[in-house]
Amino acid sequence: MSLLTLIDAELAYGLQPLLDRASFTLQSGDRIGLIGRNGTGKSSLLNAIAGRIELDDGEIKKKDALSIALVEQEPELPPAPTLRASLMLRGATDIHATAHDDRERWRIEARLIEYIHRLGLDEAADPLQISGGERKRGALALALALAPDLMLLDEPTNHLDIDGITLIEELLTKQTLIVITHDRAFLNRVATRIVELDRGMLRSYPGNYSAWEARRAVELSAERTASRKFDRFWQQEEAWIRRGIEARRTRNAGRVERLEKLRRARTARRESIGKVKLHLDAGERSGKLVAELTDVSKRFGDKQIVDQWSMRILRGDRIGLIGPNGAGKTTLLQLMLGTLAPDEGTVRVGTSVQVAYFDQMRATLDPEKTLAETISPGSDWIEFNGERKHVMTYLGDFLFPPQRAEAPVKTLSGGERNRLLLARLFARPANLLVLDEPTNDLDIESLELLEATLQEYAGTLLLVSHDRAFLDNVVTQTLVAEGAGKWREYVGGYSDWLQQRPLAARSEAVQLSRSDSADSNTPKRAGKFKLSFKEQRALTSIPVEIEILESEQQQISDQMSRSDYPRENAERVKTDRQRVAEIEHVIAAKFEQWSALEARSKTD
């Protein structure tokens, strides 16, 4: 059943359209992953669907009495004596709309208390004193307690640790929702459909994120080919009309009119947004020993953060720190760098260590300074990899146009501040790179580019992240908090840790995975195995089959768009429509089959 339909939606701030006659339909049971570059309008679209802002044009049709719960990227909680009371105030309007008597209101409050506890929160906590992650979990608890027809979630995994993220995934698999997130593992487990917001248009793809990646790569290649052909034809026409007197005598009005149409089409065609250009200068090599911790302990009050921990960090190590919020990951980083003294034990920092530190709170950014001053104080030039680059050009590499260079940092969004901090870090040579939650607020494309850059980085890397795919793709060893100040080192990334961790924790995870909903989109990894001959052949042949089906679909669509097509007999029209729908269904099934086989083949 259709819950919501967006028809020819238009929305713009300034000259840049965020929605450009965009359309899509949401069905009951859909779990849509809304993806796109930072600044394309994803959050604005959620606010429009929630009724918080008005479209400039177009229409949003909703099912009668459709209940919607929106959890913003940075949710605000009203002042109240306790977190529970604050959440009840936040949801007062929705509770009044859905609870027709005191009994139903009590049921909602009971569900709220249940979800507060399941998400590890203290219902008696002061809402003004809790962290950003606790505010996000509180808002999610309220949304789940309201049991709306549609949930709208803006970056629900930000500020959550891995345990919190996996719990949220489990709770959302039976909801109808639209979610904005850069967490690819989350999208693979939760999403049943990916909707991409790109240059004002919404494109819908069946399946999870892995299926979207495969299909989108084919589409982008076809789009680039079509653009090159268009540009070549346009240039030929421009050259013809400028040939001089002789050409002007012979040219015909039809060709001139066609050229004018080409010019208008090229002007209207919005190019893909540029890509961030990341380059890391590892500077001079550090000594072989970067840091050595011997019997180090650290305690804050009654909480033991590190207990008798010893380790050596060597040049070229790529270490990921994993643990729940509050486990002390940032504290351990500071101990490793020698910026925080241990209560017991010794820390020795190696020679020639040049540190670049990415602070998850962005405290190193002065909100009053301009972007240019932040990147290169007192100079218009940056020395980078032995070359000089103008600060405007360098900012352009991180998608900041020249007119933004003199804007103060305080005007930037969260994602833009992350990009600026990365730009500042990468402007200086460093052989020890320390990244504390660098992925928050980055779009997926920038995230994948950061991954590729870090993979080529020649220095030593210390990384704190709750992004499981990012950890798998970047680090070679993990350091895991196991409670009571105990830490343990494992070889590999997050997925490798899951396989190596103690049997008690692993059996608990097996029980959890067995209780997961059957419609989870991520293939379960149950150890290493090889594809059969038949499966190997299917892995090779499915992309060809999809291409043939898409070609047939395009041919039918071309026929149906002919001006004389409505004059075809009714049976032919009906048959064509049924075939187009059937092909779409088969293509979606084949993409899911191919995605599953591809994932399994990588575990060989």
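Which residue forms a salt bridge with E123, and how many Å apart are the closest N and O atoms? In this structure, which is a predicted model, the partner of E123 is R84, and the closest N and O atoms of the two residues are 2.9 Å apart. The pair links distant parts of the chain, since E123 sits in the loop between helix 4 (102–118) and helix 5 (132–146) while R84 belongs to helix 2 (residues 83–90), with their positions 39 residues apart in the numbering. R84 counts as partly exposed because its relative accessibility is 28%, a value that lies between the 20% under which a residue is buried and the 50% over which a residue is exposed.

Side chains of opposite charge can pair when their charged atoms come close. The structure holds 25 salt bridges, and the pair just described belongs to a network of salt bridges in which R84, R105, E109 and E123 are linked. Three of the salt bridges are set out below, each with its N to O distance.

| Salt bridge | N to O distance | Separation along the chain |
|---|---|---|
| E123 and R84 | 2.9 Å | 39 residues |
| R468 and E169 | 2.6 Å | 299 residues |
| D307 and K486 | 3.0 Å | 179 residues |

The side chains of R468 and E169 meet in a salt bridge, and this pair, too, links distant parts of the chain, with R468 in helix 16 (residues 468–474) and E169 in helix 6 (residues 162–172). Both R468 and E169 are buried.

In the salt bridge between D307 and K486, D307 lies in strand 11 (residues 303–314), whereas K486 is found in the loop between strand 19 (477–481) and strand 20 (487–491). D307 counts as partly exposed because its relative accessibility is 24%, and K486 is likewise partly exposed, with a relative accessible area of 42%.

Helix 4 and helix 5, the two helices on either side of the loop that holds E123, also meet each other directly. Their axes come within 8 Å and cross at roughly 140°, and helix 4 is therefore oblique to helix 5. The crossing in which helix 4 passes helix 5 is right-handed. On the side of helix 4 the contact is made by I108, R111, L112, Y115 and I116, and on the side of helix 5 by A141, L142, L144, A145 and L146. Sorted by class, this contact has 9 nonpolar residues, no polar residues and 1 charged residue.

Definitions and conventions:
Residues numbered from 1 in each chain as written. Predicted model: local features only at pLDDT ≥ 70, side-chain atom pairs only at ≥ 80, totals over all residues. Heavy atoms only, no water. Salt bridge = Lys/Arg side-chain N within 4 Å of Asp/Glu carboxyl O. Helix = DSSP H or I, 4+ residues; strand = E, 2+ residues; numbered from the N terminus. Buried < 20%, exposed > 50% of the residue type's maximum accessible area, 1.4 Å probe, protein only. Axes fitted to C-alpha atoms, helices over the stretch in contact; angles between N-to-C directions. Parallel < 35°, antiparallel > 145°, perpendicular 65-115°, else oblique. Left-handed = near helix turned anticlockwise from the far one by under 90°. Contact = heavy atoms within 4.5 Å. Nonpolar A, V, L, I, M, F, W, Y, C, P; charged D, E, K, R; others polar.
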